[in-house]
Amino acid sequence: MTAINPPRVLLVDDSDVMLDYASATLSPEYEIVGAFRDGHAALEAVGVLQPDVIVLDISMPGMNGLEVAHRLRRAGSQVQIVFLSINEDDEIVRAAQAAGGIGYVSKTLMPWDLMIAVNEACAGRPYVSQMR
């Protein structure tokens, strides 16, 4: 019997607390292939680690998540992108979608929405947290 490999997820957030939380939430079902704190490292890691999904914080110093997503898409990457943000503004959600994101999770709703968003991304379906 052949084992089915779990989807591979790369985590990117400038907060160790958020990285730890995302890893703990997703690791029972997904293979966490890496956790990085900045956009430049994330870009390099995607090429090397070949994740199926990248969980990507929008607001990071240096290169923000939107720029990372734009660069991945320009390079031809097909990785599914689930954005994380504390920002619940519709304009930011639209910018995330325009950058190539399939999912958008409000950090305030992570306990409920992160697993759902990654599951949906793996199935090729969009997911956006239902914000106030």
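A salt bridge is a side-chain nitrogen of Lys or Arg within 4 Å of a carboxyl oxygen of Asp or Glu. Keep that cut-off at hand for the exercises below, which all use a predicted model.

**Exercise 1. Lysine 107 and its partners**

Task: Find out which residues are linked with Lys107 in a network of salt bridges, and work out where they sit.

Solution:

Step 1. Start with the idea behind the search. Side chains of opposite charge can pair when their charged atoms come close.

Step 2. Look at lysine 107 and aspartate 13. Their closest N and O atoms are 3.0 Å apart, and because the cut-off is 4 Å, the pair counts as a salt bridge. Lysine 107 lies in the loop between strand 5 (103-106) and helix 5 (110-122), while aspartate 13 lies in the loop between strand 1 (8-12) and helix 1 (16-26). The pair links distant parts of the chain, 94 residues apart.

Step 3. Now try lysine 107 with aspartate 57. Here the N to O distance is 3.3 Å, and the two side chains form a salt bridge. Aspartate 57 belongs to strand 3 (residues 53-57), 50 residues away from lysine 107.

Step 4. Put the two pairs together: Asp13, Asp57 and Lys107 form a network of salt bridges.

**Exercise 2. Buried or exposed?**

Task: Sort the residues of two salt bridges, lysine 107 with aspartate 13 and arginine 74 with glutamate 67, by their accessibility.

Solution:

Step 1. You need two limits: buried means under 20% relative accessible area and exposed means over 50%, with partly exposed in between.

Step 2. Lysine 107 has 17% relative accessibility, so this residue counts as buried. Aspartate 13, at 1%, is buried as well.

Step 3. In the other pair, the closest N and O atoms are 3.4 Å apart. Arginine 74 has a relative accessible area of 58%, which means that it is exposed. Glutamate 67, at 27%, is partly exposed.

Step 4. These pairs are among the seven salt bridges found in the whole structure.

**Exercise 3. Reading the sheet**

Task: Give the order of the strands in the open sheet, and explain why one side of strand 2 and of strand 6 is left without a neighbour.

Solution:

Step 1. Follow the six strands across the sheet: the order is 2-1-3-4-5-6, and the pairing is parallel.

Step 2. Check the edges. Strand 2 (31-36) and strand 6 (127-128) each have a single partner strand, so one side of each has no neighbour in the sheet.

Step 3. Move to strand 3 and strand 4 (residues 80-85). They run parallel and are joined by five bridges. Valine 53 has glutamine 80 as its bridge partner, and isoleucine 54 stands opposite isoleucine 81.

Step 4. Ask how covered strand 4 is. Five of its six residues are buried, so the strand is mostly covered.

Step 5. Add two helices. Helix 1 lies across strand 1, strand 2 and strand 3, at about 165 degrees to strand 1. Helix 3 (residues 65-74) lies across strand 3 and strand 4, at about 170 degrees to strand 4.

**Exercise 4. One face of helix 5**

Task: Compare the expected span of helix 5 with the distance between its end C-alpha atoms, then find where its buried residues lie.

Solution:

Step 1. Helix 5 has 13 residues, and at 1.5 Å a residue it should span 18 Å. Its end C-alpha atoms are 17 Å apart, which agrees.

Step 2. List the buried residues: Met110, Asp113, Leu114, Ala117, Val118, Glu120 and Ala121. Seen down the helix axis, they fall within an arc of 160 degrees, so they line one face of helix 5.

Step 3. See what covers them. The cover includes strand 1, helix 1, strand 3, strand 4, strand 5 and strand 6.

Step 4. Step past the end of the helix. Just after helix 5, glycine 124 has a positive phi of about 80 degrees.

**Exercise 5. Two residues to look up**

Task: Say what methionine 18 touches and what phi glutamine 50 has.

Solution:

Step 1. Methionine 18 is in helix 1. With a relative accessible area of 22%, methionine 18 is partly exposed.

Step 2. Leaving aside residues up to four places away in sequence, methionine 18 touches Asp13, Lys107 and Met110.

Step 3. Now turn to the loop between helix 2 (39-49) and strand 3, where glutamine 50 is found. Most residues other than glycine have a negative phi. Glutamine 50 is not a glycine, yet its phi is positive, at about 50 degrees.

How values were computed: Residues numbered from 1 in each chain as written. Predicted model: local features only at pLDDT ≥ 70, side-chain atom pairs only at ≥ 80, totals over all residues. Heavy atoms only, no water. Helix = DSSP H or I, 4+ residues; strand = E, 2+ residues; numbered from the N terminus. Buried < 20%, exposed > 50% of the residue type's maximum accessible area, 1.4 Å probe, protein only. Pairing = 2+ DSSP bridges. Contact = heavy atoms within 4.5 Å. Axes fitted to C-alpha atoms, helices over the stretch in contact; angles between N-to-C directions. Expected span 1.5 Å × (residues − 1). Arc of directions from axis to C-beta.
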